[in-house]
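Student: Could we go through this protein together, one question at a time? I'd like to see how each answer is reached.

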Amino acid sequence: MKLIYNRSSKLTSPCIAAVVLALMLTFHTGCSTPLVKALSDINIFTDAEELQFGKAYVAEHEKKVKLYTDPVVVNYINALGQSLVPHSKRSNIRYTFKVVDKKGVNAYAVPGGFIYIHLDLIRMAKTESELAFVLGHEIGHIVGRHSMKRLTKVYGIEIIKRIILDEESSEAEKLIAEILAAGLLFRYSRDNERESDFYGVQNIYDAGISPEGATDFFKTLQNLQKREPSTLEKLISTHPVHNERITNVRSHIKNLPPKSGLRRDTSDFRTIKRRLGH
Ligand SMILES: [Zn+2]
């Protein structure tokens, strides 16, 4: 794909500062973390900048997708998502949870706190705890700032800051369109997935929901993968289910202190399922 920016652009001072900081951290801690890894772990955008970028992306994204509008379903998903936010590791930003009326099982998180879930995923989930894990996992991508780190790696901080500062410019519009078409925000690494799974399990457990929702969700996914692999194409391409993920999630759950009253399902969830014909 043709890139619309000049890769030889000079480093901006914030970028140099990030490199210096990464070097200092590397030497200070005495560890041998490669510079690139150290760099990718630094948050180089403020919450306000991330939100600006997210808003610009979402404006384009929502021109292309059909949002599901049944208030009973939409309000239920938003309420479930919002109930997780205070227990997340990044509860200081505003989140929105929306339902997308598009074929295929999928869920994704846009920087700034915009989380989308496909109707087919709601249809597939067997309990509220499964659905909560999916939302917790997506919140985890926001907590880990995975997409912003990915974008910075691909384009460099200078380009992304320019979009944020001047999102109305034609250059910014083209770049957003390119990021959207390439699905760049959702190309997660195994480390990203591991981290989001960890946050997702912890988040639902802390919110009083059974963490078994995570393992149940993976089982449901695997069963559907055998029966109707085509419906999972999109989700699996961005969130591959490796055995390693399931093993990690199981051991995380095993290490959680026992807690009574963890809920697996609710009558609200059953109402939604009936409404969606399941
Ligand atoms: Zn993921």
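What follows is a chat between a student and a tutor about this predicted model.

Student: Let's start broad: how many helices and strands are there in the protein?
Tutor: Keep in mind that this is a predicted model. Counting the two kinds of element in the protein gives three strands and 14 helices.

Student: What share of the residues is buried?
Tutor: A residue counts as buried if 20 or more other C-beta atoms lie within 10 Å of its own. Across the 278 residues of the protein, the buried share comes to 37%.

Student: Among contacts between residues at least 6 apart in sequence, what percentage join residues at least 24 apart?
Tutor: Take the contacts in the protein between residues at least 6 apart in sequence, then pick out those whose partners are at least 24 apart. That share is 73%.

Student: Which helix gives the most to the largest nonpolar core?
Tutor: That core has 61 residues, and Ile115, Ile117, Leu135 and Ile139 are the ones touching the most other members. Eight of the core's residues come from a helix spanning residues 128-143, and no helix gives more: it's α6.

Student: Ile139 came up there, so which residues does Ile139 touch?
Tutor: Leave out anything up to four places away in sequence. What remains for Ile139 is Leu84, Val85, Ser88, Tyr95, Ile115, Tyr199 and Asn203.

Student: How is α6 oriented relative to α11: what's the word for it?
Tutor: The axes of α6 and α11 (residues 212-227) are 8 Å apart, and the packing angle is about 95°. Angles of 65 to 115 degrees get one particular label, so α6 against α11 is roughly perpendicular.

Student: And which residues of α11 meet α6?
Tutor: On the α6 side you'll find Ser129, Glu130, Ala132, Phe133 and Val134. By class, the residues of this contact divide into five nonpolar, three polar and three charged. The α11 partners are Glu212, Gly213, Ala214, Asp216, Phe217 and Thr220.

Student: Which residues of α8 make the contact with α3?
Tutor: Helix α3 (residues 47-64) and helix α8 (residues 157-165) have axes that come within 9 Å and cross at roughly 75°, which makes α3 roughly perpendicular to α8. From α3, the contact uses Glu49, Gln52, Phe53 and Ala56, and from α8 it uses Ile160, Ile163 and Ile164.

Student: How many of the residues in that contact of α3 with α8 are nonpolar?
Tutor: Sort the contact residues of α3 and α8 by class. One is charged and one is polar, while the nonpolar ones number five.

Student: Is the crossing of α4 with α14 left-handed or right-handed?
Tutor: The axes of α4 (residues 71-84) and α14 (residues 267-275) come within 10 Å, crossing at roughly 140°. Where they meet, α4 offers Val72, Val73 and Tyr76, and α14 offers Asp268, Ile272 and Arg275. As for the hand of the crossing, α4 passes α14 left-handed.

Student: Is Asp265 buried, exposed or partly exposed?
Tutor: You'll find Asp265 in the loop between α13 and α14. Exposed takes 12 or fewer neighbours and buried takes 20 or more. Asp265 has 17 C-beta neighbours inside 10 Å, so it's partly exposed.

Student: How far apart in space are Asp265 and Glu130?
Tutor: Along the sequence, Asp265 and Glu130 are 135 residues apart. Asp265 also touches Thr127, Glu128 and Ser129, leaving out residues up to four places away in sequence. From C-alpha to C-alpha, Asp265 and Glu130 are separated by 9.0 Å.

Student: What's the phi of Arg145?
Tutor: Most residues other than glycine have a negative phi. Arg145 lies in the loop between α6 and α7, and it counts as buried because it has 22 C-beta neighbours inside 10 Å. Its phi is positive, near 50°.

Student: Last one: what separates the C-alpha atoms of Glu233 and Gly104?
Tutor: Glu233 lies in helix α12 and is exposed, because just 12 other C-beta atoms are within 10 Å. Glu233 and Gly104 are 129 residues apart along the chain, and their C-alpha atoms are separated by 7.5 Å.

Definitions and conventions. Residues are numbered from 1 along each chain as its sequence is written. This is a predicted model: local features need pLDDT of at least 70, side-chain atom pairs count only at pLDDT 80 or more; totals for chains, interfaces and linings use all residues. Axes are lines fitted to C-alpha atoms, for helices over the stretch in contact, and angles run from 0 to 180 degrees between N-to-C directions. Helices (H or I, at least four residues) and strands (E, at least two) are DSSP runs, numbered from the N terminus. Angles under 35 degrees count as roughly parallel, over 145 as roughly antiparallel, 65 to 115 as roughly perpendicular and the rest as oblique. Two residues are in contact if their C-beta atoms, placed from the backbone, lie within 7 Å. Ala, Val, Leu, Ile, Met, Phe, Trp, Tyr, Cys and Pro count as nonpolar, Asp, Glu, Lys and Arg as charged, and the others, Gly among them, as polar. A nonpolar core is a set of buried Ala, Val, Leu, Ile, Met, Phe, Trp, Tyr and Cys residues joined through C-beta atoms within 7 Å. A crossing is left-handed if the near helix is turned anticlockwise from the far one by less than a right angle, and right-handed if clockwise.
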